[in-house]
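Thanks for coming. I have one model to go through today, and I will take it piece by piece. Please have the picture open while I talk.

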Amino acid sequence: MADKTEIQMHYSAQMNSHPHMGTVLSLMTAFALGERLASRFKVPVTLKFEVLENAPREKVEANGLVYTKMLSDTYVDGVPISEIHLRSFIRLLEALKERSGISYQLLTYRQFQELPFVRKTLLDILNREEEFRPIISPSEDHLRVRFPCRQCGFAEKSGETTIIKERSGEYHLVLENECFQHGKQQIVLAPDNKDFVDMNTPLRNVIKEALFIEEAKSRKALDLMIDGGDWVAMADFVVSEGLSRLGYSYVDRPARIFTPIIEDWSGAKFSKSVYVQQGTYDYLPGGFLNLIEFEREFGQVGLDKLWNDVVSWVSDPKKLFRNYSAEYLLQVLRS
Ligand SMILES: [Zn+2]
């Protein structure tokens, strides 16, 4: 912190459901940590919340390939699914801002991919594809770059059919892929245009951290990534290797804190999909799955109880660098 004048925290979430207990606690940890760091270092702390509305939702198989449609292109009663879930996230973010005094900003994936730096870095990586492929897509012979069909919104998920159709100079590519229903489609990828381009998580994370490093340098900010504890394996190797090939040193990397994982009785990560499919957590309240349900069952008082507990986590490493069971949380809520 010696030469830093602010702290910029980062948190990202796919908009594939309303926040569940794991996400609520992870975000709470971020805000509580922000509050603590602000009072410890006497600098402004803000949280950038990256909205991943591009996560896949609908899925079809055709010609032996998987095609997916993004959450933002899948509608319920005329509203994109990503938007429905984002509204719950914003309610949670507002509640946590109020409790911590830490402000937040949203960055959607669409806004992210439109940034000239992001597009230029993606072009750099595509221009050196052979060098990046073994790190980012070790089991495939291509990088996962894709874009949705203009007519139906489906994109070929693995990027296997995406080709570089034309190259005019280093920073202007025409990419082409093929929709199973509507044939060949093209987009232009250049730093200053806005044709929508999607990429898979490892690729996005390398470019994202490069962006954060650049932004932090220009503002003398300390970058602090907050992720759920289950991201430990992925975050480090792939992103470190990718960044070093883009010319960033290890010392430039954002600081990173992993939040406690919420576990079920068996020690497995508390998972919404397991809950729904097997009904294995019947003894837990439905509010563990869904913020809307949580608010109905436990109200603001429940949120306060969790918040107070999380505030105690960030003041003691023994309580922060560990996991918590769903049963423990149930006790906190019933106390
Ligand atoms: Zn199509």
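**A helix across the sheet**

Start with α6, which lies across β1 and β14 and runs at about 145° to β14. For angles like this, axes are lines fitted to C-alpha atoms, for helices over the stretch in contact, and the angle runs from 0 to 180 degrees between N-to-C directions. Contact means that the C-beta atoms of two residues, placed from the backbone, lie within 7 Å. The helix and strand names are DSSP runs numbered from the N terminus: helices are H or I with at least four residues, strands are E with at least two.

Two remarks on the source. This is a predicted model, in which local features need pLDDT of at least 70 and side-chain atom pairs count only at pLDDT 80 or more, while totals for chains, interfaces and linings use all residues. Residues are numbered from 1 along each chain as its sequence is written.

Now the sheet under that helix. β1 and β14 belong to an open sheet of five strands, in the order β7-β2-β1-β14-β15, with parallel pairing. Two strands count as paired if DSSP finds at least two bridges between them. At the edges are β7, residues 103–108, and β15, each of which pairs on one side only. Neighbouring strands here are turned by 25° against each other on average, with direction ignored. Between β1, residues 6–14, and β14, residues 221–228, there are five bridges, and the two run parallel. If you want one position to look at, His10 stands opposite Met225 in β14.

**The other sheet**

Next, a sheet with antiparallel pairing: three strands, open, in the order β10-β11-β12. Its edge strands are β10 (163–167) and β12 (183–189), and each pairs on one side only. The average turn between neighbouring strands in this sheet is 30°, again ignoring direction.

How many residues lie between β11 and β12? Three, and the two strands form a hairpin. Seven bridges join β11, residues 173–179, to β12, and these strands run antiparallel. Two pairs show the register: Glu178 has Lys184 in β12 as its bridge partner, and Glu176 stands opposite Gln186 in β12. As a reminder, side chains in a regular strand alternate between the two faces of the sheet.

**Two helices**

Helix α4 covers residues 116–127, which is 12 residues, and reaches 16 Å from its first C-alpha to its last, close to the 16 Å expected at 1.5 Å a residue. The expected span is 1.5 Å times one less than the number of residues. Which residues of α4 are buried? Val118, Arg119, Thr121, Leu122 and Ile125. They cover an arc of only 165° around the axis, so they sit on the same side of α4. The arc is that of the directions from the helix axis to the C-beta atoms. "Buried" means 20 or more other C-beta atoms within 10 Å of the residue's own, "exposed" means 12 or fewer, and "partly exposed" is in between, with C-beta atoms placed from the backbone. The buried residues of α4 pack against α3 (109–114), α5 (129–136), β12, β13 (198–199) and α6 (201–219). That list includes β12 from the antiparallel sheet and the helix I started with.

Helix α1, residues 21–41, has 21 residues that should span 30 Å at 1.5 Å a residue, and its end C-alpha atoms are 30 Å apart, which agrees.

**Loops**

Just after α1, Lys42 takes a positive phi of about 55°. Most residues other than glycine have a negative phi. Lys42 is in the loop between α1 and β2 (45–52). Is Lys42 buried or exposed? It is exposed, with 7 other C-beta atoms within 10 Å.

Asn63 is another non-glycine residue with positive phi, near 50°. It lies in the loop between β3 (56–62) and β4 (65–70), and with 9 other C-beta atoms within 10 Å, Asn63 is exposed.

Last, Val251, in the loop between α7 (232–245) and β15 (255–259). Val251 is exposed, with 5 other C-beta atoms within 10 Å.

**The whole chain**

Overall, the chain has 11 helices and 17 strands. Of its 335 residues, 35% count as buried. Its C-alpha atoms fill a box of roughly 65 × 50 × 35 Å along the principal axes.
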